[in-house]
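Biologist: I'd like a close look at a single part of this protein, explained for someone in their first year. Could you walk me through it slowly?

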Amino acid sequence: MSRVLHCGRFALSLNRPLIMGVVNVTPDSFSDGGMFSGSAEAIAHGRRLIDEGADILDIGGESTRPGSAPVPLEEERRRVIPVIEGLCACGVPVSVDTRKPELMREALAAGASMVNDISALAAAGALEAVATSSAAVCLMHMRGEPRTMQTDPSYEDVVRDVQEFLRGRVEAARTSGIALERIVVDPGFGFGKTLEHNLALLRGLPAFVELGAAVMAGLSRKTMLGRLTGREVGDRLHASVAAALAAVGKGANIVRVHDVAPTRDALAVWQAVMRNG
Ligand code: HH2
C-alpha cells in the first residue's frame, strides 16, 4: 500500500521512514539551546540538516522542556518567521513548532507547510488556522503544561489513555476539515511521562498506527535516554539513534531528531534489511 503525507505543496511518501530535523531558534532548549538562536545560524543549521538528509525541518521558537516558561507571541514570532522565510525554498517542507494559532497562520503565510503542535491544536482558533490551509499537522499528546508536567504524572493505562486522546484530536481535526492524509499523531515522549510510561508508549506504538494517521516519534537526546544509559544530554547520540530505530521498528513513519546524518545512515541499513525481509 502506498501512503502519502500531504504537506502543503509537498506529497511525502510514507513508504520509507522520514526524518524531521530539529532547528531550535531558542536560547534555552534542553539539548541545543543558544546554539542557533540567531536567524543566520538557524538557517545555516537547517541547510546543513537538509544536506545530511532531513525530509522535513521543524522550526521552534519556544522551548517546551520540563519546567520551561511560555514565550510571548512577539518573541516567538521574532525568532521563527525569518528562519521559515530563509528555509522554505530549500526543497523540503518546513514545519513550525508552536501552540499559538496566530503564529501558525503567520508561519503558513511565510512558507511553512506543516504545523507541529505539542498541545494538539487545543488553543481557540488553532484547528481553523490549519484547516484553512493545505498544511500537514502533528497532533502531540502532552499531560499538563511544560512547567509542571513532570510532577508525578499518572495514567490508568498510558497507551490506552494517550491513544484515546489522540483519537479524539484526530476526529476534531477531521471534523474541522483536515483530511487524514494531512495528519500526524505523536504520543509525546517525555511530556508528562515517567521512564516507564515512555517505554510502554514505545512498545505500544502500534496502537497509534491503528488511528490511520502517520505516526511521529520524538525521542532524540531526551531524559529517558539519559536514564537508560547514564549519559548527559550532549552524549546521547548512540542512544538516540537506537531509539529512532526502535520507534521505526514499532511502526513510526517520522522520527524527529537533532542528529540527522547518523539517523539517516542507521535508517539506510534498516531499510535495506527490511526490503529483503
Ligand atoms: N519534543 C520536543 C519539542 N517538540 N514535537 C513533537 N511533535 N514531538 C516531540 O517529541 C517534541 C516536539 C522537545 O525537544 P526539543 O525541541 O529539542 O527541545 P525544547 O523543547 O527544549 O526546545
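Which residues of strand S6 point one way, which point the other way, and are they buried or exposed?

Modeller: Happy to, and one thing up front: this is a predicted model. Strand S6 covers residues 114-117. Met114 and Asn116 point to one side of S6, while Val115 and Asp117 point to the other, and all of them are buried. In this model, buried means under 20% relative accessible area.

Now look at the neighbour of S6. Strands S5 and S6 pair in the parallel sense, with 3 bridges between them. One residue pair to find on screen is Ser95 with its bridge partner Met114 in S6.

Let's follow the chain out of S6. Leu121 sits in the loop between S6 and helix H4 (126-131). Here the backbone does something worth a pause: phi of Leu121 is near 60°, a positive value, and Leu121 is not a glycine. Most residues other than glycine have a negative phi. Leu121 counts as buried because its relative accessibility is 1%.

Leu121 also leads us to the nonpolar interior. The largest nonpolar core has 72 residues, and Leu57, Ile59, Ile84, Leu121 and Phe208 are the ones that touch the most other members. Helix H5 (residues 158-175) gives this core its largest share, 6 residues. Apart from that core lies another one, of 15 residues, and Met114 from our strand is among them, along with Leu12, Leu14 and Ile56. For a feel of the packing in the 72-residue core, click on Phe208. Leaving out residues up to four places away in sequence, Phe208 touches Val159, Val162, Gln163, Leu166, Val185, Pro187, Leu201 and Val215.

Next, go back to S5, the partner of S6, and step into the loop that follows. Side chains of opposite charge can pair when their charged atoms come close. Arg99 and Glu145 make a salt bridge through their side chains, at 3.1 Å from N to O. Arg99 is in the loop between strand S5 (94-97) and helix H3 (101-109), and Glu145 is in the loop between strand S7 (136-140) and H5, so this pair ties together parts that are 46 residues apart in sequence. The two partners have their own surroundings: Arg99 is buried, at 15% relative accessible area, whereas Glu145 is partly exposed, at 41%. Salt bridges with shared partners join Arg99 and Glu145 into one network with Glu62, Glu76 and Lys100. Glu145 has another distant part of the chain to show you: its C-alpha atom is separated by 8.7 Å from that of Gly67, although the two residues are 78 apart along the chain.

Stay in the loop between S7 and H5 for a moment, as Asp152 lies there too. Phi of Asp152 is near 50°, again a positive value in a residue other than glycine. Asp152 counts as exposed because its relative accessibility is 70%, while Leu121 counts as buried at 1%.

The structure holds 19 salt bridges, so let me show you two others. Arg65 pairs with Asp28, with the closest N and O atoms 3.2 Å apart. Arg65 is in the loop between strand S4 (56-60) and helix H2 (73-87), Asp28 is in the loop between strand S3 (18-24) and helix H1 (39-52), and the two are 37 residues apart. Both count as partly exposed: Arg65 at 27% relative accessibility and Asp28 at 30%. Then there is Asp259 with Arg221, where the closest N and O atoms are 2.9 Å apart. Asp259 lies in the loop between strand S10 (254-257) and H10, and Arg221 lies in the loop between strand S9 (214-217) and helix H8 (223-229), so the pair ties together parts 38 residues apart in sequence. Here Asp259 is buried at 18% relative accessible area, and Arg221 is buried at 16%.

To finish, compare S6 with strand S1 (residues 4-7). All four S6 residues named earlier are buried, but S1 has a covered face, Leu5 and Cys7, and an uncovered one, Val4 and His6. S1 runs antiparallel to strand S2 (residues 10-13), joined by 4 bridges, whereas S5 and S6 pair in the parallel sense. In that hairpin, Cys7 stands opposite Phe10, and Gly8 takes a positive phi near 60°.

Conventions:
Residues numbered from 1 in each chain as written. Predicted model: local features only at pLDDT ≥ 70, side-chain atom pairs only at ≥ 80, totals over all residues. Heavy atoms only, no water. Core = buried A, V, L, I, M, F, W, Y, C linked by side-chain atoms within 4.5 Å. Buried < 20%, exposed > 50% of the residue type's maximum accessible area, 1.4 Å probe, protein only. Contact = heavy atoms within 4.5 Å. Pairing = 2+ DSSP bridges. Salt bridge = Lys/Arg side-chain N within 4 Å of Asp/Glu carboxyl O.
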